[in-house]
Amino acid sequence: MGWAFFILLLCLTQLIAFRIYTMEKDAELHIAEREAIFLKGQLEASLNHSITATRVLAFLVEKDLLDNNFDSICENLLQQNPFIDALQLVKGGTIVNTYPLVGNEASIGYNIGNDSAHREEAEQAKLRGELYFEGPINLIQGGKGIVGRVPISRNGEFWGFSAVIIRHETLLRALNLDSTGMNDRFIYQLVKIHTGGAESNPYFQHVETIDRGIFSEVDVPIGDWIIYVKMKHPQYWVNAMAFSLLGILLSALLGIFSWFLAAQPMRLRALVALKTKDLNTANKTLQKKTRELEFSNSELEQFAYVASHDLQEPLRMVTGFLTQLEKKYLNQLDEKPRQYIHFAKDGAIRMKHIILDLLEFSRVRTLDDAIEQIDTHQMVNEVCMLEKRNIEGKNATIDTQNLPVIQYYRIPFLRILRNLIGNALKYSKPGMSPVITIASTAHDDFWQFSISDNGLGITEEHFEKIFVLFHQVDPSLGGSGMGLAITKKLVENLGGQIWVESAANAGSTFYFTIPRIQTKENQ
Ligand code: ADP
């Protein structure tokens, strides 16, 4: 998917880049062509002056009207034609007149027939019967230039030529160029094509190859020249190259992006499969652990039940025999043995309580009871009835605040309340009447109950431990250390939590929560 997208985009962008390349190249070629045509126009415009001048001179010779006025007529013609340096008359093959003479003296008497190149070019002019330029050549009078000749016939016979000389510098001026043959934008060249197609030496002496790159050529028939114009700094590839590179980059980026997008569902599927596998493994482990836990729990409960149940019988025997011993032999015994019997009986009674608590603990299991409507205030009263002796004996005050009517399991809730109120009474400060407050706050999902007292309090180090089986802060205060363990088990079995806030000698507050159960009536 990513690859396909990449290749598609790459082809598309490279196609566009190629199109840009050809369009820009065509545009630059067109610019070079326009420049070449413009230059040709300039050249021909300047040579038009020569046509006029040479024709006038030829006409005067043909009609024999020149007399001795060659100089004055030429002066006049040169004044009107700024791109002409000299005019000549060539009689037969020999230069007979030159204007201006100064600087051109060497040309007088020169026979152009002596040089095959001049001869050929003169023949061309003769053949054409109109102005035809030779050159660029090295002039006999010095310097470089071009020479144009118009054949003259007199009385039906060839007489010679009227000729025009345009020096190198004048030609450059006419073309608006300098001797380097180039400017900021273009490189120029002018080449003469000889009969037979051979090219003469280039006019400008630069080293640029003119017939490669962005160039254009035009013919100038008046001298059988070719003008070349070449772009100096062609730019056509720059934009195309930039677009091409950008296209490659963009294709790669979008290819990667689309590959990433396409791979996403696959990755997600793989991830889901992996997570599902992990979850299944975790589930299996959990199930195994739950089974193990259930097994060990039930084993433990069974053990606790059997142990506590079976221990009751021997304990009853011990208590019974001790009671018999006390009854029959009390009068015969001294103070010491009496005390021993008393301790033994006391120990047996405590053991009985421990066994009963253990039995109760082992019986706190999942709930099979039905949910009932419980008036918790009423239930506190019930607990007070059960703890009546204790309450009266300690002159305790029991307060209640905001106790609600809830939907819950009756027996477990009664046990929780009784254990916590019982403890609040039990662990009161000696010589101080217990004040116990039972309150409740409603939350969205649960009820929170608190049982506060003004008793002995608990130091922080015992906050967790007191909920563990058999843990007592001060064993000398009696009890089995199982009450809170049973209470915690009851609360947690009901889906709640239990904790304590307290400080030594500052009373304690036990909190527990129970979830709100939705029944048809309270919905
Ligand atoms: P027991 O059944 O022996 O009373 P519990 O499990 O109920 O044992 O309590 C554990 C310990 O927590 C007790 O030994 C007692 O020191 C401490 N305790 C429990 N309730 C209170 C309370 N309201 N005030 C102070 N200490 C308490």
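Strand β6 (residues 186–192) pairs with strand β8 (residues 225–231) in the antiparallel sense, over 7 bridges. This is a predicted model, in which local features need pLDDT of at least 70, side-chain atom pairs count only at pLDDT 80 or more, and totals for chains, interfaces and linings use all residues. Residues are numbered from 1 along each chain as its sequence is written, and side-chain values use heavy atoms, with hydrogens and water left out.

A few words on the vocabulary will help. Helices (H or I, at least four residues) and strands (E, at least two) are DSSP runs, numbered from the N terminus. Two strands pair if DSSP finds at least two bridges between them.

**A covered strand**

Let us stay with β6 for a moment. Which residue of β8 is the bridge partner of Gln-189? That partner is Tyr-228. Strand β6 is mostly covered, as 7 of its 7 residues are buried (under 20% relative accessible area, with exposed meaning over 50% and partly exposed in between, for a 1.4 Å probe and protein chains only). In a regular strand the side chains alternate between the two faces of the sheet. Here Phe-186, Tyr-188, Leu-190 and Lys-192 point one way, while Ile-187, Gln-189 and Val-191 point the other way, and all are buried.

Another buried strand residue is Thr-437, which is found in strand β12 (residues 435–442). Thr-437 counts as buried because its relative accessibility is 19%. Leaving aside residues up to four places away in sequence, Thr-437 touches Asp-399, Gln-401, Ser-450, Ile-451 and Ser-452 (contact means heavy atoms within 4.5 Å).

**A sheet of five strands**

Now look for an open sheet of 5 strands, ordered β2-β1-β5-β4-β3, with antiparallel pairing. Strands β2 (94–99) and β3 (132–138) stand at the edges with a single partner strand each, so one side of each has no neighbour in the sheet. On average, neighbouring strands of this sheet are turned by 25 degrees against each other, direction ignored. Edge strand β3 is joined to strand β4 (residues 144–154) by 5 bridges, and these two run antiparallel. Along this pair, Ile-137 stands opposite Gly-145 in β4.

Helices rest on this sheet too. Helix α1 (residues 2–62) packs on the sheet and touches β1 (86–91), β3, β4 and β5 (157–167), and its direction makes about 35 degrees with that of β4. Helix α3 (residues 116–128) lies across β3, β4 and β5, running at about 165 degrees to β3.

**Helices that pack in pairs**

The table lists three helix pairs. Axes are lines fitted to C-alpha atoms, for helices over the stretch in contact, and angles run from 0 to 180 degrees between N-to-C directions.

| Helix pair | Angle between axes | Axis distance |
|---|---|---|
| α7 (376–386) and α9 (410–426) | about 55 degrees | 10 Å |
| α1 and α2 (70–80) | roughly 160 degrees | within 10 Å |
| α6 (335–363) and α10 (483–493) | about 10 degrees | 10 Å |

How are such angles named? Angles under 35 degrees count as roughly parallel, over 145 as roughly antiparallel, 65 to 115 as roughly perpendicular and the rest as oblique. With its angle of about 55 degrees to α9, α7 is therefore oblique to α9. Helix α7 passes α9 in a right-handed crossing (the near helix is turned clockwise from the far one by less than a right angle; anticlockwise would be left-handed). Among the residues making this contact are Met-379 and Val-383 of α7 and Phe-413 and Leu-417 of α9. By class, the contact has 8 nonpolar, 1 polar and 3 charged residues (Ala, Val, Leu, Ile, Met, Phe, Trp, Tyr, Cys and Pro count as nonpolar, Asp, Glu, Lys and Arg as charged, and the others, Gly among them, as polar).

The axes of α1 and α2 cross at roughly 160 degrees, which makes α1 roughly antiparallel to α2. This crossing is right-handed. The contact includes Ala-53 and Leu-57 of α1 and Ile-73 and Leu-77 of α2, and its residues divide into 8 nonpolar, 2 polar and no charged.

Helices α6 and α10 are roughly parallel to each other, with a left-handed crossing. Asp-357, Glu-360 and Phe-361 in α6 meet Ala-485, Ile-486 and Lys-489 in α10. These residues divide into 3 nonpolar, no polar and 3 charged.

Helix α10 has the buried residues Leu-484, Ala-485, Ile-486, Thr-487, Leu-490 and Val-491. Their cover includes α6, α9, β14 (498–502) and β15 (508–515). Just after α10, Gly-495 takes a positive phi of about 90 degrees.
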